[in-house]
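Visitor: I'm new here, and I'd like to know how the labels people put on a structure are justified. Could you walk me through it?

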Amino acid sequence: MKSGAKKFLYLGLPALFSCMLALSSCENSLNDIEKIASKEEDKPISKSTGVDVIYSDSAKVKAHLITPLMIELDEQNKGYQEMPKGVKVIFYDDALGEKGTITSEYAIRLVKENTITFRKNVVATNAQGETFKSEELVYDQTNKKLYSHKPVQINMNGGTVMYGTGFKSNESLYPWTIDSSTGVFPVDEKKEQGK
């Protein structure tokens, strides 16, 4: 082997390896930057405490949302509002009479879809005195509908309890439909014995 070729091996190869390492470290740095940038996008746009929102339609109050904490995020241009410390929504009729309420330990509002999904110990009531319990209830604000695909329990006046695997209603929670329903119906033993 000629001395020029040996010099290249001794001097050129280490330099070539150094360049390769530098290039690969630049690539890793770019990947790291992209990862950090994507994490930045997932960070909250804002956090608000003591949130009190009035929803109206044609200058008439329709609903009132109260939550101790609302976090607004914009993950991949899909804006949403998270309510991790619970929420209460009150629905009103045209005379500002209360026609229903929903409470839950957690809720999330998808801005583009215009829905609020209530989760964890969801309890809803209507003006008829009926109480609905489930682990999830979706409020479609555009279509003014409430529904659930989770098990639901409905406590009615007079002690009747209905169970089902799904639920549909309007904002007033009346009338409603329940899927695959079963129930417990109280019987007045004195009336039964008097027959």
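**Labels and the reasons behind them**

Guide: Let's start with the largest cavity: by class, its lining has seven nonpolar, two polar and one charged residues. Keep in mind that this is a predicted model.

Visitor: Which residues are those, the ones that line the largest cavity?

Guide: They are Val 122, Ala 124, Phe 132, Lys 133, Ser 134, Leu 137, Ser 148, Val 152, Phe 167 and Leu 173. Lysine belongs to the charged class and serine to the polar one.

Visitor: And which strand gives the largest share of that lining?

Guide: Strand 8 does, with four residues. Strand 7 and strand 8 each bring at least two.

Visitor: How much space lies in the largest cavity?

Guide: About 60 Å³. The search used a cut-off of 30 Å³ or more and found one cavity in the whole structure.

Visitor: What makes something a pocket rather than a cavity?

Guide: The way out! In a cavity the probe fits but cannot get out, while a pocket is an open set of points. Here the largest pocket holds about 160 Å³ of space.

Visitor: What lines the largest pocket?

Guide: Tyr 55, Ser 56, Asp 57, Lys 62, Ala 63, Asn 114, Tyr 139, Gln 141, Lys 144 and Glu 171. They divide into three nonpolar, three polar and four charged. Strand 1 gives the most, with three residues, and strand 2 supplies at least two.

Visitor: Why are Lys 144 and Asp 57 called a salt bridge?

Guide: The closest N and O atoms of Lys 144 and Asp 57 are 3.0 Å apart. The label asks for a side-chain nitrogen of Lys or Arg within 4 Å of a carboxyl oxygen of Asp or Glu, so the pair qualifies. This pair links distant parts of the chain, 87 residues apart: Asp 57 is in strand 1, and Lys 144 is in the loop between strand 8 and strand 9.

Visitor: Why does Lys 144 count as partly exposed?

Guide: Its relative accessible area is 36%. Partly exposed runs between the buried limit, under 20%, and the exposed one, over 50%, so Lys 144 falls in the middle class. Asp 57, at 33%, is partly exposed as well.

Visitor: How many salt bridges does a search of the whole structure find?

Guide: Three. Another one joins the side chains of Asp 94 and Lys 62, at 2.8 Å from N to O. Asp 94 lies in the loop between strand 4 and strand 5 and Lys 62 in strand 2, so the pair ties together parts that are 32 residues apart in sequence.

Visitor: What makes Asp 94 exposed?

Guide: Its relative accessible area is 55%, and exposed means over 50%, so the label fits. Lys 62, at 21%, is partly exposed because buried would require under 20%.

Visitor: How do you know that Arg 119 and Glu 136 meet in a salt bridge?

Guide: Their side chains come to 3.0 Å, N to O, and the cut-off is within 4 Å. Arg 119 is in strand 7 and Glu 136 in strand 8, so this bridge ties together parts 17 residues apart in sequence.

Visitor: Is Glu 136 buried or exposed, and why?

Guide: Glu 136 is buried, because its 18% relative accessibility is under 20%. Its partner Arg 119 has 34%, so it counts as partly exposed.

Key: Residues are numbered from 1 along each chain as its sequence is written. This is a predicted model: local features need pLDDT of at least 70, side-chain atom pairs count only at pLDDT 80 or more; totals for chains, interfaces and linings use all residues. Side-chain values use heavy atoms; hydrogens and water are left out. Buried means under 20% relative accessible area, exposed over 50%, partly exposed in between (1.4 Å probe, protein chains only). On a 1 Å grid over the protein atoms alone, a cavity is a set of points where a 1.4 Å probe fits but cannot get out, and a pocket is an open set with protein on both sides within 12 Å along at least five of seven lines; lining residues have an atom within 4 Å of a point. Grid points are joined across faces, edges and corners, and a volume is the space filled by probe spheres set on the points.
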